[in-house]
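I opened this structure to practise reading one. These are my notes on what I looked up.

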Amino acid sequence: MEEQDQHLSREDFVEALEKLSSRDRKALLILGRKFGNMYHLRDDPEALVQEAIERVLRGSRHIPSGLNVVHALGSIMGSIAEGSVASRVGRNETPFSKLGVDSIDELPSPSEGLSPLEQLIGEQTVERIMNRFQDDVFVNALIQAVASGMSPEEIVTKIFKGDRKTYETTRRRFRRGMIKFKEEDMEA
Amino acid sequence: MKKNNYLENYIIDDVLSMSEQELDQLLEDSGVDPDHAAESLKKAISGVSLRYRKAQFSKVKEALAASKIDEDNSQKNILDDVKKSGKSAKDYLIDLIVSGRAPQGLTLAFREGQDITEAEAIGIIDDLKSLGYVKDNDSETSS
């Protein structure tokens, strides 16, 4: 298959955007809010959605053919939001101390092709979210399980011992908590 | 994949699994009017889409204008060649046929007495040029 066939063309992407339902747009806004909160973005959720769309149109991001456009834009938004943390650190707008280290020398060793900074941002992000839910052992266990790469089915079986009802109520608490999750501004 | 990326994927899947009512509730929890926010994003997306379509239309217009200029230049060159030869376009075309530099089909059509106008003759010469039978400022045909 040609490489261009593996990605949605700009024309098809614009057509898909025009066909987004009200539900799709609300889902995008919620993802924008959650990822903005997760990575301390100043921008509002709509700005993050628009940035993701612009990057696809500029050709700097691609959407694999056959993938749900909302899902794909969500991934791009997450990546943009995460990238903004690295940019702010690079521009000295966010001190290293906000990432839990005092200097660049304390960054962890790179692994799996990741830069030390990328690795640290990833670990710190999960740690901060877990701290946010420190009083809820179930949500904490859920986050740990998700972050370790377990699938929802594995989490129900191995972490919640098959208790789907507890898993679902835990998932909802995590869902609601992430929309309100806002710590002190890392850019300050 | 990093830990935070697993979390992002989980969040995306979770949001995609929600009903519109659940999405509304979450937006309200974040202090946003769901319908107003969705409408605002719709307008923003329409703006992006309109800008894209305008840019595409401009490209098509530019391409069409460029091809029109090429066509006009080509016709002008033919007219110049025909003028230099001191003959009509029809006679110029006949010279091409007589000198054996026109396709067999065209020669036969002329033998069968098909009449053509000057404009049609210019069009045929243009086509022959495109096919490589005639070169610009072809001196042999004008002699």
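The entries below go from confidence to cores, then to the contact between chains and a few single residues.

**Confidence.** I noted at the start that this is a predicted model. For chain A, I found an average pLDDT of 85, with 80% of the residues scoring at least 70. I then looked up residues 183-188 of chain A, where pLDDT stays under 50. The model has ten contacts beyond four places in sequence for that stretch. I left them there, because predicted coordinates should not be read in detail where pLDDT is low.

**The largest core.** I asked which residues have the most contacts inside the largest nonpolar core. They are A:Ile30, A:Val49, A:Ala52, A:Leu73, A:Met77 and A:Ile143, in a core of 58 residues. Helix α5 (residues 69-90) of chain A gives nine residues, the largest share of this core. I also checked where the core lies with respect to the domains of chain A. Domain 1 (1-94) and domain 2 (133-188) both contribute residues, so the core lies between them.

I picked A:Leu73 and listed its contacts, leaving aside neighbours within four places in sequence. A:Leu73 touches A:Leu28, A:Val49, A:Ala52 and A:Ile53. I also found a second, separate core, which has nine residues, B:Val82, B:Leu93, B:Leu96 and B:Ile122 among them.

**Chain B.** I counted elements here and got seven helices and zero strands. Of its 143 residues, 23% count as buried. I then took the contacts in chain B with a separation of 6 or more. Residues 24 or more positions apart account for 72% of them.

**Where the chains touch.** The contact takes 31 residues from chain B and 44 residues from chain A. On the chain B side, I found that α1 (3-16), α2 (20-29) and α3 (34-85) are the elements giving two or more residues. I sorted that side by class and got 19 nonpolar, four polar and eight charged residues.

**One helix in chain A.** I looked for buried residues in helix α2 (residues 10-18) of chain A and noted A:Phe13, A:Val14 and A:Leu17. Why are they on the same side of α2(A)? They cover an arc of only 95° around the axis, which puts them there. I added the general rule: an α-helix has 3.6 residues a turn, so residues three or four places apart point the same way.

**A:Arg173.** I located this residue in helix α9 (residues 164-180) of chain A. Is A:Arg173 buried or partly exposed? It has 14 other C-beta atoms within 10 Å, so I entered A:Arg173 as partly exposed. Leaving aside neighbours within four places in sequence, A:Arg173 is in contact with A:Asp136 and A:Val139. A:Arg173 and A:Asp136 are 37 residues apart in sequence, and their C-alpha atoms are 9.2 Å apart in space.

**Two positive phi values.** Most residues other than glycine have a negative phi. I therefore wrote down A:His40, which is not glycine and has a positive phi near 55°. A:His40 lies in the loop between α3 (22-38) and α4 (45-58) of chain A. It counts as buried, because 21 C-beta neighbours are inside 10 Å and the cut-off is 20 or more.

A:Lys161 also has a positive phi, near 50°. I found A:Lys161 in the loop between α8 (152-159) and α9 of chain A. A:Lys161 is exposed, with 9 other C-beta atoms within 10 Å.

Definitions and conventions
Residues numbered from 1 in each chain as written. Chains lettered and ligands numbered in written order. Predicted model: local features only at pLDDT ≥ 70, side-chain atom pairs only at ≥ 80, totals over all residues. Core = buried A, V, L, I, M, F, W, Y, C linked by C-beta atoms within 7 Å. Buried ≥ 20, exposed ≤ 12 C-beta atoms within 10 Å, placed from the backbone. Helix = DSSP H or I, 4+ residues; strand = E, 2+ residues; numbered from the N terminus. Domains from an automatic or database assignment. Contact = placed C-beta atoms within 7 Å. pLDDT = per-residue confidence, 0-100. Nonpolar A, V, L, I, M, F, W, Y, C, P; charged D, E, K, R; others polar. Arc of directions from axis to C-beta.
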